[in-house]
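Here is a set of short exercises to work through with the model open in your viewer. Try each task before you read its solution.

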Amino acid sequence: MKRPEPGARLVFLGLPGAGAGALASTGLRAARRAVWLRPDGPRARQAVAGRVRAVDSAEQWRLIRRRLRPPRPEPRAPRPTPYRDLVLTVLPDRAVAEPGPGGRQITSAAQAGAGGLVVATALGGHTWWEHRLLVHQVQAAVEASSGRSMVLAVTGCGRLTDPEAVREAFGPWAVYLGTGQSTGRLRGITVPVGPPGRGSLNAAVPLLWHLNRTETDLTRGQRRRTRAVLERAAAPGRRSSSWPWERVRPVLAAVPTAPDRDVRVTVLGAPGSGRTAVLAAIHRVLTPEAPGLWMHLPDPQELRDLIALRRAQEGEAVAASAARRHWTFHLADGTDTVLNVDWLEADTAERVDTTGRGNGASEPGGAAPLPALAGRVRDGACAVFAIDAEHLVVPLDPGRAAAVGEATGAHRADTVIRAAATFHRDRGTPPPLVVMLLTGAERLLQDGRLLRTREGLVADLRLLLPSAFSPDVLAALCPVSTTGGEGGGPAGAQAPAWLLLLHRLRTEADRLRRLAAAERAEAQRLRQQAEDRRASTAKWNPRRLLSYRDDRRADRGKNRAQNAGAAAAANREVETILHRDLRDTTVLLGGEPYTG
């Protein structure tokens, strides 16, 4: 047999108990009735025979399939091989739930050239964090792979399974995957699949759907049999029908492009001010199940640490470490990344040595070094100052403000924010966004009555952090409660993420407006130069040809200016929407566009 050419690469993964390995094995056995597949290797032979029920580690099964014989490229040249391979990477069910190695297996498998995904989920019986782990790993595989197709297989279904139960299993994926028709980035189908065994319901559909979509050289018989299987599975009126979905165009059409998506956020404050708890609350609120942005952590270990913090926050008996201070996550709209966020928690409160051995010097592990911190805030997109609402239950007077400023690290935070604002003011560039995060906002409520007014809180923060109230600084006050929302959930936790996007869009719109103005000016100069050449040269002068070149360059500049202006207008439209929605949860203070 001639050496086969490289063909499709598929990755099978799933939730614990969903049986991704059994799905791949049973699907291969059933798909051989439509497409000729020859196993290459002992494990692939076991899989084709349907004898694989589970895999203990990541496995690759290589199969050879027959394709249309390509025409001879030229006389006397060897005829190309009539065979193409098919490689299935099957990951164990525990790969999603285990620490780092499981996530790295999925990502490395996708980076190896996966053309599509087959994700196995089951009818109920899974916790929120297991589903969230799977969504994060699917997102990592989508970002790393070249393919943009996916089959969501709901395993454990029978021919009499209630279709509503299958729809319910698809429910948590509906917003993330989409159900509309557009030129989306990710396409696929949802299909109910029966238990492993001979004649398993729709077992061949995931594999045949990928082959029918990605492989253009199936023989006529293979194409006819494959389409017959897919049409039978999608026939309307059947209780076990499959249905297609397509990731719709993102709601946020005007988003920054790389490298403008990379943003640095520095979270200032004292230990115990609730910074990590707020990050866990953001992860809880910004979910892929809800429309809009959701929070994706590409690093598997960071993801598990944050999930452990969330579970501990919700009262589960799990070991959660609060030692991590540096996080990297994405704010995504469905499968499309909007912002890449570098989130660092920095202590600005001096912890003074009270033992008498250090003469009042700060302890090791105290506040972060001021020069390094000032440089990061200056070069970053956002500075967040977290303060516990317990300090503001009673209005501040000048004497108490000094003590609270030392305890909360407000004085050092004010120093670095003022330095950043001065740096950008001198250069005519937008300063970083300043978000004052009032954590534990439920402490300001007593018997359903507010203990403080907005005006009073703003006045207190003006004493603690005066640099945030400069006319050219974009600032906002965000009260956040990790337990005071509807049903005991977080309230106001999503505001920092939306504010960060709002500021980034404002910066992008400003850049695009400047670009449009420069392109218009250059186009006008070139047109004037072309007119001057035509007026000062004879018709037969070769230099006259340069005027036509200037006209074409001016036309291109005008088109670029129009595109930049349209993108800036789209950004302003999104700004208006976010600005309107944020008024319900935040107090917006000074600086364009927050003054309207």
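**Exercise 1. Work out what share of the chain counts as buried, and how many helices and strands it has.**

Solution. Keep in mind that this is a predicted model.
- Step one: go through the 596 residues of the chain, and 52% of them count as buried.
- Step two: tally the secondary structure, which comes to 17 helices and 18 strands.
- Step three: take the contacts with a separation of 6 or more; residues 24 or more positions apart account for 75% of these.

**Exercise 2. Take strand S6 and find out which residues sit on each face, and which strands pair with S6.**

Solution.
- Step one: S6 spans residues 149–155, and seven of its seven residues are buried.
- Step two: sort them by side. Ser149, Val151, Ala153 and Thr155 are on one side, with Met150, Leu152 and Val154 on the other, so to speak front and back, and both faces are covered.
- Step three: look for partners. Strand S5 (residues 116–122) runs parallel to S6 and is joined to it by six bridges. Strand S7 (residues 187–192) also pairs with S6 in the parallel sense, over six bridges.
- Step four: pick a residue pair for each. Leu117 has Met150 as its bridge partner in S6, while Leu152 has Thr190 as its partner in S7.

**Exercise 3. Do the analysis again for strand S14: is it enclosed or open, and what are its partners?**

Solution.
- Step one: count the buried residues of S14 (residues 433–439). Seven of the seven are buried, so the strand is largely enclosed by the rest of the structure.
- Step two: split them by direction. Leu433, Val435, Leu437 and Thr439 point one way, Val434, Met436 and Leu438 the other way, and all are buried.
- Step three: trace the pairing. S13 and S14 run parallel and are joined by seven bridges, with Ala386 opposite Leu437. S14 and strand S17 (residues 475–480) run parallel too, over six bridges, and here Thr439 stands opposite Val480.

**Exercise 4. Find the residues that touch the most other members of the largest nonpolar core.**

Solution.
- Step one: the largest nonpolar core holds 66 residues, and Trp61, Met150 and Trp173 touch the most other members.
- Step two: ask which element gives the most to this core. That is helix H1 (residues 20–31), with six residues.
- Step three: look beyond it. Another core, of 46 residues, lies apart, and Trp129, Leu303, Ala386 and Ala495 are among its members.
- Step four: link back to the strands. Met150 is one of the buried residues of S6, and Ala386 is the residue opposite Leu437 of S14.

**Exercise 5. Search for cavities and describe the lining of the largest one.**

Solution.
- Step one: the idea behind the search is that rolling a probe the size of a water molecule over the atoms shows where empty space is left.
- Step two: the whole structure has three cavities of 30 Å³ or more, and the largest has a volume of about 100 Å³.
- Step three: list the lining, which consists of Val265, Ile282, Phe329, Leu331, Val341, Trp343, Cys382, Val384, Pro496, Ala497 and Leu500.
- Step four: classify it. Eleven of these residues are nonpolar, with no polar and no charged ones.
- Step five: assign elements. Strands S11 (326–333), S12 (336–347) and S13 (382–388) and helix H16 (495–536) each supply at least two lining residues. H16 gives the most, with three.

**Exercise 6. Place Asn202, Ala402 and Val587: is each one buried or partly exposed?**

Solution.
- Step one: Asn202 lies in the loop between S7 and helix H8 (205–214). Its phi is positive, about 55 degrees, although it is not a glycine. Its relative accessible area is 11%, so Asn202 is buried.
- Step two: Ala402 lies in helix H13 (residues 398–408). At a relative accessible area of 38%, Ala402 is partly exposed. Leu463 is 61 residues away in sequence, yet the C-alpha atoms are 8.8 Å apart.
- Step three: Val587 is in strand S18 (residues 587–589). Its relative accessibility is 12%, so Val587 counts as buried. Its contacts, leaving out residues up to four places away in sequence, are Arg454, Val458, Ala476 and Leu477. Arg454 is 133 residues from Val587 along the chain, with 7.8 Å between their C-alpha atoms.

Definitions and conventions. Residues are numbered from 1 along each chain as its sequence is written. This is a predicted model: local features need pLDDT of at least 70, side-chain atom pairs count only at pLDDT 80 or more; totals for chains, interfaces and linings use all residues. Side-chain values use heavy atoms; hydrogens and water are left out. Buried means under 20% relative accessible area, exposed over 50%, partly exposed in between (1.4 Å probe, protein chains only). Helices (H or I, at least four residues) and strands (E, at least two) are DSSP runs, numbered from the N terminus. Two strands pair if DSSP finds at least two bridges between them. On a 1 Å grid over the protein atoms alone, a cavity is a set of points where a 1.4 Å probe fits but cannot get out, and a pocket is an open set with protein on both sides within 12 Å along at least five of seven lines; lining residues have an atom within 4 Å of a point. Grid points are joined across faces, edges and corners, and a volume is the space filled by probe spheres set on the points. Ala, Val, Leu, Ile, Met, Phe, Trp, Tyr, Cys and Pro count as nonpolar, Asp, Glu, Lys and Arg as charged, and the others, Gly among them, as polar. A nonpolar core is a set of buried Ala, Val, Leu, Ile, Met, Phe, Trp, Tyr and Cys residues joined through side-chain atoms within 4.5 Å. Contact means heavy atoms within 4.5 Å.
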